[in-house]
Amino acid sequence: MGEGHISGAARHIRQSAWPSAARRKDLASALAAFPRVRLGHFPTPLEPMDRLTEHLGGPRFWVKRDDCTGLSSGGNKTRKLEFLMADALGEGADTIITQGATQSNHARQTAAAVARLGMACHILLEDRTGSADPEYTLSGNVFLDRLHGATVAKRRGGADMTAEMELLAVELRTAGRKPYVIPGGGSNSTGALGYVNCALELCEQSATMGLKIDALIHATGSAGTQAGLVAGLAALESDIELLGIGVRAPQDKQESMVFELAKRTGAGIGCEEAIRREDVRANCDYVGAGYGIPTQGMVESVRLLAELEGLLFDPVYSGKGLDGLIDLTRKGAFGDMENVVFLHTGGSAALFGYTGAFNLPGYQAN
């Protein structure tokens, strides 16, 4: 197997089926020390995908439904925002600034969280695809950003978005506002705590269900989701194998970003030394021509899950993650594993910005 693949030979020897109750309690206590505002519906469901399992063969597939977090059609960013928004409130902020790509799931969930908490929201959207199609630039998540009351401004592709946010923050401070800047994807050591909590939640569910999870697969981009999972699983001493399917950066860069953020996140919960570079794995073979640009594998995977399981996945993140999951399964990458979980990070609203990519019979966008 190439790098980023998982095989039975590469897995750790199991010490026990699940992290101990004491480990889980210790991690819950560590997380409780951080401010958190409740925004989502947790725990999210852990459901079997038996029709996909029958279709592919191999292990039994499960889906962790973080598309069901509840905030503005759900998604993984809600977990991060519970910690980020609590931090913003603690600093006395009255305005949130964040950034993302045009069809940013993070921007949409941030706008919704800000609306719920009665603050102002400014979103900067970077043009990473070059598409001028109104369906892409105005529909889907962009429409929802505005519906939640956010101020939306665009920036050219390749812009220094961190600098752009800071310039806006200076302008707002001059006007008497108290802005709080959230990085793209909510991916810093505060936001990543949401996925430390997800790792704990998943292990609690598996223990309750008597389900031995061999591997957890998910789409990885801005690094916060994977970094939080790496830190959480390390703190729990879990032997669940974690694999991110990259949607933007080359493998070395992606893994380096995740590792550095996982170490910073781990330091906050007292497990930095337990985080090993070899536990950070990303397969970036499914990015295609670039971030947010559809691939045939993504299209086929999203359609397959819609038809087999009645589930909607997004074209930028989870769709490419599914492409990786399905292709690697067909190549035998999961060896003798019995149960593999796919983390559904949400984002189906973005499908409405990409309808042309699916070329559905009898459907033509206006």
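A residue counts as buried when its relative accessible area is under 20%. That cut-off is used below for a model that is predicted.

**The annotated span**

An unreviewed UniProt entry lists residues 38-346 as "domain: Tryptophan synthase beta chain-like PALP". In the model, this span is 44% helix and 17% strand. The C-alpha atoms at its two ends lie 18 Å apart.

**Two helices, α4 and α12**

Helix α12 covers residues 318-330. Helix α4 covers residues 105-117. The table sets out their lengths and cover.

| Helix | Number of residues | First to last C-alpha | Expected span | Buried residues |
|---|---|---|---|---|
| α4 (residues 105-117) | 13 residues | 19 Å | 18 Å | 10 of 13 residues |
| α12 (residues 318-330) | 13 residues | 18 Å | 18 Å | 11 of 13 residues |

For α12, the reach is close to the value expected at 1.5 Å a residue. For α4, the end-to-end distance agrees with the expected span.

Which residues of α12 are buried? The run from S318 through G319, K320, G321, L322, D323, G324, L325 and I326 is buried, and so are L328 and T329. Overall, α12 is mostly covered. Just after this helix comes G332, with a positive phi of about 80°.

Helix α4 is mostly covered too. Its buried residues are N105, H106, A107, R108, Q109, T110, A111, A112, A113 and V114.

**A helix crossing**

Two packed helices are described by the angle between their axes and the distance between the axes. Here the pair is α9 (residues 224-236) and α10 (residues 251-269). Their axes come within 8 Å and cross at roughly 50°. That angle makes α9 oblique to α10, because it falls outside the ranges for roughly parallel (under 35 degrees), roughly perpendicular (65 to 115) and roughly antiparallel (over 145). The crossing of α9 and α10 is right-handed.

**Cysteines**

A disulfide is a covalent bond between the sulfur atoms of two cysteines. How many disulfides does a search of the whole structure find? The count is 0. C68 is in no disulfide, and the nearest cysteine sulfur, in C198, is 13 Å away. Why does C198 not pair either? Its closest cysteine sulfur is that of C203, 9.4 Å away, which is too far for a bond. The cut-off for a disulfide is 2.5 Å between the sulfur atoms.

Is C198 buried or exposed? C198 is buried, with a relative accessible area of 2%. C68 is partly exposed, at 27%.

Note on methods: Residues numbered from 1 in each chain as written. Predicted model: local features only at pLDDT ≥ 70, side-chain atom pairs only at ≥ 80, totals over all residues. Heavy atoms only, no water. UniProt positions renumbered as here; feature names shortened; annotations may be inferred. Helix = DSSP H or I, 4+ residues; strand = E, 2+ residues; numbered from the N terminus. Expected span 1.5 Å × (residues − 1). Buried < 20%, exposed > 50% of the residue type's maximum accessible area, 1.4 Å probe, protein only. Axes fitted to C-alpha atoms, helices over the stretch in contact; angles between N-to-C directions. Left-handed = near helix turned anticlockwise from the far one by under 90°.
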